[in-house]
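Work through the three exercises below with the structure open beside you, and try each task before reading its solution.

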Amino acid sequence: MDKIKVAVIGCGTIANSAHIPAYMKNPQAEIKYFCDIDLQKAEKAVAHYGCGTAIADYRELLKDPEIEAVSICTPNLGHASIAIDCLRAGKNVLCEKPAARTYAEALEMQKAQHETGKVLNIGVVNRFNTGVNIIKKMIENGDLGEVYHVYVSFRSQRSIPGLGGAFTTKAIAGGGALIDWGVHFLDIVMYCTGDPRPKTVSGQAYSKLGRDMKNYAYLDMWAGPPNYDGVYDVDDFVTGMIRTEGPSITLNGAWAQNIGVNEMYIDFLGDKAGIRLQYGADFKLYSAQNGALLETTPKFNMGNMFENEIDAFLSCIRTGEKLPSHIDTVILSSQIIQAIYDSSESGTEIRLNP
Ligand SMILES: NC(=O)c1ccc[n+]([C@@H]2O[C@H](COP(=O)([O-])OP(=O)(O)OC[C@H]3O[C@@H](n4cnc5c(N)ncnc54)[C@H](O)[C@@H]3O)[C@@H](O)[C@H]2O)c1
């Protein structure tokens, strides 16, 4: 069968650490274009991976009928407009998370997917994580009994990315800790508990520690050095409470907090057993039997979730299978995130899907 010709739009961190290596490893795929508005980055990719053509404007690749698959790895600002243009040009799309800056934009993307019938998957990569899938199966099998609540904590002491850059500028990113980190955590909860429809959402988001940029103390800064002339107008702490048709969910997230702990976990509370998933790692199962409390750490091969994600994307283009990362599913967490921000702004609880 002919190889699937691929274009990667945005040749920055996630493209080079995950998407491109996964395409290079898949014998079904051939990367034909590396696209970046910073042409040097696209040229560097061509030289490094030894294939493809470097371009600066993604509209060029839209005209190439050979291109079947596109990865969108740009900052969030570009997700909706580029995905919609690609879909309307007949391309299948894997767009990095979050789907978009706002729920309204995500709905526009979903509409374009429905109208074109092309694939639109979102990079909610944990849906391709082995451990997460084991937890999902355990919950489905009833191993935890009724999962009545899920508690989520994604908190770091000082981990604001690229202060003053794309990640901390609302007009580009759409938000901060919640939309950037929270999206992964919320997505895992939704996936494992069967993507329950949200009913009510209450939340509060704060932009505190990064605001005085010059006096923000930190040890490391991922996503680039600070740009003190840039913008900082996103949340660095968020708290939320969501009622769904399934379990209730509470979350606390911080890119930065004046507390010296870094913790990234999800607690699934069932009436028979509970699970603590350490984000990106393994999980512990807690239960009771014969009057004794049990604690188990299941062992399994983690694999590479990004490779699984890209392999599944390429394969679904041929088979037509609807993946769990399809926009139709991910739209729910996009709705929840928007509702947390809306609740924070209005100071009220938001009622969804009445
Ligand atoms: N799935 C994950 O775990 C994960 C991890 C990191 C980042 N991400 C997501 O990936 C996206 C990119 O993040 P990153 O850390 O790689 O950022 P980055 O800044 O390292 O890379 C983004 C690249 O896109 C380019 N770009 C910007 N606008 C463009 C356009 N219109 N056309 C072509 N290129 C354009 C930039 O020049 C840059 O090289 C973000 O949406 C982020 O949320 C996901």
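The exercises that follow concern a predicted model, and they treat a sheet, a hairpin and a ligand site in turn.

**Exercise 1.** Determine in which order the six strands of the open sheet are arranged, and which strands stand at its edges.

Solution. Begin by following the strands across the sheet, which gives the order E3-E2-E1-E4-E5-E6 with parallel pairing. Strand E3 (53-55) and strand E6 (120-122) each have a single partner strand, so one side of each is left without a neighbour in the sheet, and these two stand at the edges. From one strand to the next, the twist averages 25 degrees. Looking at one pair in detail, E5 (residues 92-95) is joined to E6 by three bridges, and Cys95 has Ile122 in E6 as its bridge partner. Finally, helix H1 (residues 13-25) packs on the sheet, where it touches E1, E2, E4 and E5.

**Exercise 2.** Describe how strands E13 and E14 are paired, and what lies between them.

Solution. Strand E13 (residues 283-289) and strand E14 (residues 292-296) pair in the antiparallel sense over five bridges, with Ala288 standing opposite Leu293 in E14. The two strands form a hairpin with two residues between them, and Asn290 in the turn has a positive phi of about 55 degrees.

**Exercise 3.** Find which residues come nearest to the ligand, and how much of its accessible area the protein covers.

Solution. Of the 22 residues around the ligand, Thr13, Ile14, Asp36, Lys41 and Asn76 come nearest. In the side chain of Asp36, an N or O atom is 2.6 Å from a ligand oxygen atom, while a backbone N or O atom of Lys97 lies 2.9 Å from an oxygen atom of the ligand. The protein covers 81% of the 840 Å² of accessible area that the ligand has on its own.

Key. Residues numbered from 1 in each chain as written. Predicted model: local features only at pLDDT ≥ 70, side-chain atom pairs only at ≥ 80, totals over all residues. Heavy atoms only, no water. Pairing = 2+ DSSP bridges. Helix = DSSP H or I, 4+ residues; strand = E, 2+ residues; numbered from the N terminus. Axes fitted to C-alpha atoms, helices over the stretch in contact; angles between N-to-C directions. Contact = heavy atoms within 4.5 Å. Near = heavy atom within 4 Å. Polar contact = N/O pair within 3.5 Å; in protein donor to acceptor, adjacent residues only side chain to side chain. Areas by Shrake-Rupley, 256 points an atom, 1.4 Å probe, with all protein chains shown as cover.
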